[in-house]
Amino acid sequence: MTEKKAVSAEVPKETPVLKAVHLGISFGGLKAVDDFNMEIGRSELVGLIGPNGAGKTTVFNLLTGVYKPTEGAFYLNGKKMNGRKTYQVVEEGIARTFQNIRLFKKMTVLENVKVAMNKDMHYSPLASIFRTNSFWREEHDTDERAMELLDIVGLGDKKDAMAMNLPYGQQRKLEIARALGTNMRLLLLDEPAAGMNPVETDELLDIINNIRRTFGISVLLIEHDMSLVMRVCERIQVIDYGVTIAKGTPEEIAHNPRVIEAYLGKQAEKEVLNMKDASGHVIGEEGSAAAADAEPDKAEKPDETAGAGTPNR
Ligand SMILES: Nc1ncnc2c1ncn2[C@@H]1O[C@H](COP(=O)(O)OP(=O)(O)OP(=O)(O)O)[C@@H](O)[C@H]1O
Ligand SMILES: [Mg+2]
């Protein structure tokens with residue numbers, strides 16, 4: 001594996017990779033995200049869940065400089081990021097995948113990853129025109145690294161396929177490989193399991209764990225598929241109508257009455273309790289029913305009935 005360049009290598013270990021403080025944004029009269037607080041340490045894997053329209057993707061848009069917060073602040077590796085443009089946030093080591101897949105559809109799988117890695121290439125425009133030795137050396141290194149990333153997401157044998165011809169689940173994996181190409185410290189995944197079958201979701205779980213082991217990065221995961229969230233996340237934050245209604249371990253979240261009412265629903269709750277968490281422990285066992293760190297009740301919640309395994313969708 002090629003050694004990854006450290007982003008802000010001088011940052012002390014205890015500095016959180018991400019810190020959001022009272023972060024918020026309003027669209028017209030609507031507070032899409034309100035008083036959002038979150039801290040993610042190195043190599044931590046945190047879940048962000050909640051019903052449709054809760055404000056999850058908006059959080060990602062705030063953290064990546066797509067939207068400017070109307071309240072609060074956020075820090076990456078201790079640096080205040082308010083008002084920074086997306087490319088500046090990316091330089092600080094944040095990368096994301098999109099809920100609506102964004103790939104160069106008419107490029108090959110390998111080219112898609114190489115384009116994402118492009119900012120790390122150092123040859124001059126002249127070198128690329130005249131195809132100098134430094135150009136070929138850099139091309140070769142980039143190819144090799146892009147192939148490593150494709151192997152990590154299980155797409156090594158698809159490198160020459162056109163991105164648009166990949167099945168949906170594989171396009172999502174390609175998005176992850178592209179995000180890895182940017183030398184990130186914090187990976188934001190927006191519904192990576194959407195459209196995947198259970199086998200692909202299991203593969204995705206292995207990929208996420210493998211990425212953390214290989215790169216030592218932190219991950220913030222938005223996902224409706226509880227079979228993934230509960231098995232992979234160490235901590236989970238639940239938002240509803242832009243407001244955080246609970247924070248806790250998978251076990252605490254699965255038992256939290258407010259989360260069950262707003263999001264999981266009774267049926268899905270039963271399924272979640274039978275799942276295993278990241279350490280292999282059955283979530284519902286020993287019936288600890290630990291109350292999650294719920295915040296004051298600020299939001300009205302609709303009385304929705306959850307579909308099996310796919311809460312309130
Ligand atoms: N640019 C915008 N202008 C106006 N309203 C917006 C904008 N972006 C998001 N919203 C609103 O903010 C709220 C939160 O939307 P968001 O997409 O963050 O939800 P979500 O939790 O990601 O939902 P889903 O699970 O369906 O993806 C919604 O009411 C949405 O309509
Ligand atoms: Mg969303």
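Q: How many bridges join strand 3 to strand 8, which run parallel?
A: Strand 3 covers residues 45-49 and strand 8 covers residues 218-222. Strands (E, at least two residues) and helices (H or I, at least four) are DSSP runs numbered from the N terminus, and two strands pair if DSSP finds at least two bridges between them. Leu45 stands opposite Val219 in strand 8. The number of bridges joining the two strands is four.

Q: What kind of model is this?
A: Residues are numbered from 1 along each chain as its sequence is written, while chains are lettered from A and ligands numbered from 1 in the order in which they are written. Local features need pLDDT of at least 70, side-chain atom pairs count only at pLDDT 80 or more, totals for chains, interfaces and linings use all residues, and the model is predicted.

Q: Which strands stand at the edges of the six-strand sheet?
A: The sheet is open, with mixed pairing and the order 6-7-8-3-9-10. Each edge strand has a single partner, so one side of it is left without a neighbour in the sheet. From one strand to the next, the twist averages 20° (axes are lines fitted to C-alpha atoms, for helices over the stretch in contact, with angles from 0 to 180 degrees between N-to-C directions). The edges are strand 6 (94-96) and strand 10 (243-248).

Q: Which residue is the bridge partner of Asp240 in strand 10?
A: Strand 9 and strand 10 pair in the antiparallel sense over five bridges. They form a hairpin with two residues between them, and Tyr241 in the turn has a positive phi of about 50°. Asp240's partner in strand 10 is Val243.

Q: Which strands of the four-strand sheet does helix 1 touch?
A: This open sheet has antiparallel pairing in the order 2-1-4-5, and strand 1 (residues 18-27) pairs with strand 2 over seven bridges. Helix 1 packs on the sheet at about 65° to the direction of strand 2. Contact here has C-beta atoms, placed from the backbone, within 7 Å. The strands touched are strand 1, strand 2 and strand 4 (71-76).

Q: At what angle does helix 1 run to strand 7?
A: Helix 1 (residues 56-63) also lies across strand 3, strand 6, strand 7 (186-190), strand 8 and strand 9 (235-240). Its angle to strand 7 is about 150°.

Q: Why is helix 6 largely enclosed by the rest of the structure, and how many of its residues are buried?
A: Buried takes 20 or more other C-beta atoms within 10 Å of a residue's own (12 or fewer is exposed, in between partly exposed; C-beta atoms are placed from the backbone). Among the buried residues of helix 6 are Gln170, Leu174 and Ile176. Helix 6 is largely enclosed because the buried count, out of 13 residues, is 11.

Q: How far apart are the end C-alpha atoms of helix 6?
A: The expected span is 1.5 Å times one less than the number of residues. For the 13 residues of helix 6 (residues 168-180) that gives 18 Å, which agrees with an end-to-end separation of 19 Å.

Q: Which helix gives the largest share of the shell around ligand 1?
A: Residues around ligand 1 (C-beta atom, placed from the backbone, within 6 Å) include Phe27, Asn52, Lys56 and Gln99. The shell divides into three nonpolar, seven polar and one charged, where Ala, Val, Leu, Ile, Met, Phe, Trp, Tyr, Cys and Pro count as nonpolar, Asp, Glu, Lys and Arg as charged, and the others, Gly among them, as polar. The largest share, three residues, comes from helix 1.

How values were computed
Contact = placed C-beta atoms within 7 Å.
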